Amino acid sequence: MFAAGDLTEIGEKGVNLSGGQKALFGNLWLAHWAERNDKSNAGDDTVSAYFLAVYGALAAGSATTMAASMLVLWLRCSYSASQHTHQKLVRGIIRSPVSFFDTTPVGRILGLFGSDQTLVDEGVPAAAEAGLKAVSQALVSLVLITMAMPAMLVVLIPLGFVYANLQSRFIPIARHARGSVNTARNIGISSIDEALDGAATIRAYKRQESFERAFSTCTESYARAWWTFLCPNRWLATRLDLLSAAIVCTAALLQVTMQYVFNGASSSYAGLSLTYALAIVGVLNTCLRSTMMVELSLISVERIRQYSLVKPEAESAVAGCRPTELWPEHGALEFVRYSARYRQDADLVLKDLSFRIEARNKVGIVGRTGAGKSSLTLALFRIIEAASGKILIDGRDTAQYGLQDIRSRLSIIPQDPLMFAATVRENLDPLGDYTDQQIWSALERVRLAEPVRSKGEGLEYGVAQGGANFSVGQRQLFCIARALLKRTRILILDEATAAIDSSTDAVVQETIRREFGECTVLTIAHRLDTIIDSDKVLVIDNGSVAEYDAPETLLADWSSMFSLLVAEARAGATAA
Ligand SMILES: Nc1ncnc2c1ncn2[C@@H]1O[C@H](COP(=O)(O)OP(=O)(O)OP(=O)(O)O)[C@@H](O)[C@H]1O
């Protein structure tokens with residue numbers, strides 16, 4: 001559905017042209033040879049050998065020049081340009097802030113790495129190669145035709161203006177149509193991506209038909225856009241054919257007139273100039289198309305450049321301001337009048353938060369849906385940055401350090417535990433920092449050693465995409481094992497027990513209590529019973545601190561928000 005045929009077309013034309021270009025000097029030499037034979041009427045062997053040798057040298061020279069120019073264009077220029085733009089794009093996208101991903105559709109990002117990068121890899125060099133060859137061949141053909149018949153200038157000059165006029169009308173329309181093709185393709189890719197992501201939900205709610213309809217609409221829009229792109233091409237092809245017919249007719253008429261009226265034309269050069277006049281339509285067509293393709297490919301280059309320049313997150317490490325190896329030694333955490341928002345123009349989601357969590361305390365964070373619990377976690381990892389106020393860890397403002405320095409000192413067990421399609425070892429220790437013994441010890445402590453051993457391949461066992469060959473509970477235990485390996489002082493559990501059954505939950509809770517007794521643990525809780533024995537409970541409401549105290553104190557006040565949430569949770573459990 002989403003193939004780009006015009007590049008191949010240009011590539012093929014480029015190959016054909018290269019043949020014609022290579023033959024040009026050879027053909028001129030052959031014409032000169034025929035002319036000489038005509039005049040001397042003789043086939044002297046020494047003279048023939050001389051002409052053959054020069055012809056051979058011309059062919060060899062032409063082939064060498066061609067190979068050298070291909071090497072320079074494709075290996076030197078094109079390869080390094082592709083590598084450079086791709087690296088800048090990857091760096092730019094990976095280091096973009098979360099607001100960029102909120103506002104940029106995934107189809108557009110995929111389009112950047114797909115069609116745009118392909119155009120940079122293949123489109124620019126193919127079009128530049130075809131264009132350079134076509135322009136040089138057009139010039140040589142015109143010079144040759146004019147040399148053989150100077151009178152052709154009278155026709156060629158006005159036809160040149162007609163050609164320029166065609167070009168100025170064709171390129172903007174084709175460029176616009178091509179832009180619509182790209183947009184329609186990106187929308188199509190987004191819709192496929194969305195359907196793949198939500199395949200299970202779509203089937204569960206029997207919404208296949210509406211998604212099929214939506215996809216058909218995308219396909220039709222793409223076909224319509226592609227058709228709109230083809231029409232100006234047909235329009236151009238017809239006019240170029242007419243232009244070429246005018247050149248060939250005039251050349252032929254002038255030849256005949258000179259031959260019979262003035263008796264002064266050289267038949268070998270006349271034949272050659274007619275051959276080039278016949279071929280000129282292809283040459284002119286390629287000139288136009290490759291100019292357009294270069295322009296279109298450069299739009300992709302420009303788009304990639306724009307996305308490479310998106311304002312990145314903060315530095316990963318600030319030179320001269322690095323935390324010590326052991327920081328944070330205690331794990332005390334303090335929010336000081338902290339506010340944050342997701343985007344520059346958006347409302348504050350965390351408002352003027354001020355609270356302190358002592359080292360080694362276990363704090364439960366609760367609140368209604370949308371209150372700002374997950375945003376608090378993102379703020380700790382500086383995935384969203386402070387609009388005002390600060391976060392102190394062991395008395396140090398986290399804003400002064402680089403992102404990598406902060407993020408490597410905190411551990412998180414997310415609600416949806418993430419695993420990569422890689423080996424168990426790579427999932428636990430992607431940077432290769434730990435020994436096998438340390439990894440097995442972490443697995444033992446979270447009771448995953450036996451399940452992993454039973455797979456037969458030990459740490460080399462392959463984890464499927466998204467960790468599909470492990471249960472959700474096991475994936476969470478893997479995340480705990482990661483945190484154990486990192487040995488950080490602060491652990492954040494983001495509703496870690498929301499998606500698992502109560503027996504696995506018990507294992508997870510027991511492991512956390514046993515293994516992270518010396519750490520500060522922040523638990524964003526759905527099941528309020530998991531935080532009832534915490535040192536303190538932080539109740540967030542609409543982005544602000546509503547209550548912050550020991551759970552027994554909050555429960556003693558029946559009008560407190562926490563008591564209300566617990567009562568609601570119990571009523572919900574009884575009803576279920
Ligand atoms: N990526 C985002 N861009 C803009 N606003 C967001 C984004 N994520 C969350 N919000 C907004 O921030 C506010 C707090 O959301 P948050 O996810 O932190 O709530 P929560 O308490 O964790 O909710 P839940 O319990 O449902 O997970 C909400 O108003 C939400 O609409």
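Two strands are called paired if DSSP finds at least two bridges between them. The model in all of these views is a predicted one.

**View 1. The hairpin of β4 and β5, up close.**
Two bridges join β4 to β5, and the two strands run antiparallel. If you want to find one of those contacts by residue, go to L392, whose bridge partner in β5 is D397. Two residues sit between the strands of this hairpin, and D394 in the turn takes a positive phi of about 50°. As background, most residues other than glycine have a negative phi.

**View 2. The open four-stranded sheet, with its order β2-β1-β4-β5.**
The pairing here is antiparallel. The strands at the edges are β2 (348-357) and β5 (396-397); each has a single partner strand, so one side of each is left without a neighbour in the sheet. Helix α9 (residues 373-380) packs on this sheet and touches β1, β2 and β4 (386-393). Compare directions and you get about 70° between α9 and β2.

**View 3. Strand β1 and what it pairs with.**
Strand β1 covers residues 333-341 and pairs with β2 in the antiparallel sense over six bridges. β1 and β2 also make a hairpin, with six residues between them. Two cross-strand positions help you get your bearings: L333 stands opposite I357 in β2, and F335 stands opposite F355 in β2. β1 pairs with β4 too, again antiparallel and over six bridges. There, V336 stands opposite K390 in β4. While you look along these strands, remember that side chains in a regular strand alternate between the two faces of the sheet.

**View 4. A second open sheet, this one of six strands.**
Reading across, the order is β6-β7-β8-β3-β9-β10, and the pairing is mixed. The edges belong to β6 (410-413) and β10 (544-549), each of which pairs on one side only. From one strand to the next, the twist averages 20°. Helix α9 turns up here as well: α9 packs on this sheet, touching β3 (362-366), β6, β7 (490-494), β8 (520-524) and β9. The direction of α9 makes about 150° with that of β7. Another helix to look for is α14 (residues 472-486), which lies across β6 and β7 and runs at about 170° to β6.

**View 5. The β9 and β10 end of the six-stranded sheet.**
Strand β9 (residues 536-541) pairs with β10 in the antiparallel sense over five bridges. For a handy landmark, take I540, which stands opposite V545 in β10.

**View 6. The shell around the ligand.**
Which residues surround the ligand? They are D102, Y342, A346, V349, G367, T369, G370, A371, G372, K373, S374 and S375. Sorted by class, that makes four nonpolar, six polar and two charged residues. The largest share of the shell, three residues, comes from α9. That is the helix that packs on the four-stranded sheet and also on the six-stranded one.

**View 7. Two backbone oddities in loops.**
Start with the peptide bond between W327 and P328, which is cis, with omega at about -5°. P328 is in the loop between α8 (267-308) and β1. The other spot is K206, which has a positive phi of about 55° although it is not a glycine. K206 belongs to the loop between α6 (199-204) and α7 (208-262). For context, most peptide bonds are trans.

**View 8. The spans that UniProt labels "transmembrane region".**
In the unreviewed UniProt entry, this feature is placed at residues 49-75, 139-166, 242-262 and 268-288. How much of residues 49-75 is helix in the model? The span is 100% helix and 0% strand, and its end C-alpha atoms lie 38 Å apart. Residues 139-166 come out at 86% helix and 0% strand, with end C-alpha atoms 18 Å apart.

**View 9. The N-terminal stretch, and how far to trust the model.**
Over residues 1-22, pLDDT stays under 50. The model has 37 contacts beyond four places in sequence for that stretch. Where pLDDT is low, the predicted coordinates should not be read in detail. For the chain, the average pLDDT is 84, and 91% of the residues score at least 70. The model scores are ipTM 0.97 and pTM 0.69.

Technical notes: Residues are numbered from 1 along each chain as its sequence is written. This is a predicted model: local features need pLDDT of at least 70, side-chain atom pairs count only at pLDDT 80 or more; totals for chains, interfaces and linings use all residues. Two residues are in contact if their C-beta atoms, placed from the backbone, lie within 7 Å. Axes are lines fitted to C-alpha atoms, for helices over the stretch in contact, and angles run from 0 to 180 degrees between N-to-C directions. A residue is near a molecule or strand if its C-beta atom, placed from the backbone, lies within 6 Å of it. Ala, Val, Leu, Ile, Met, Phe, Trp, Tyr, Cys and Pro count as nonpolar, Asp, Glu, Lys and Arg as charged, and the others, Gly among them, as polar. UniProt positions are given in the numbering used here, feature names are shortened, and annotations may be inferred rather than shown by experiment. pLDDT is the predictor's confidence in each residue, from 0 to 100.
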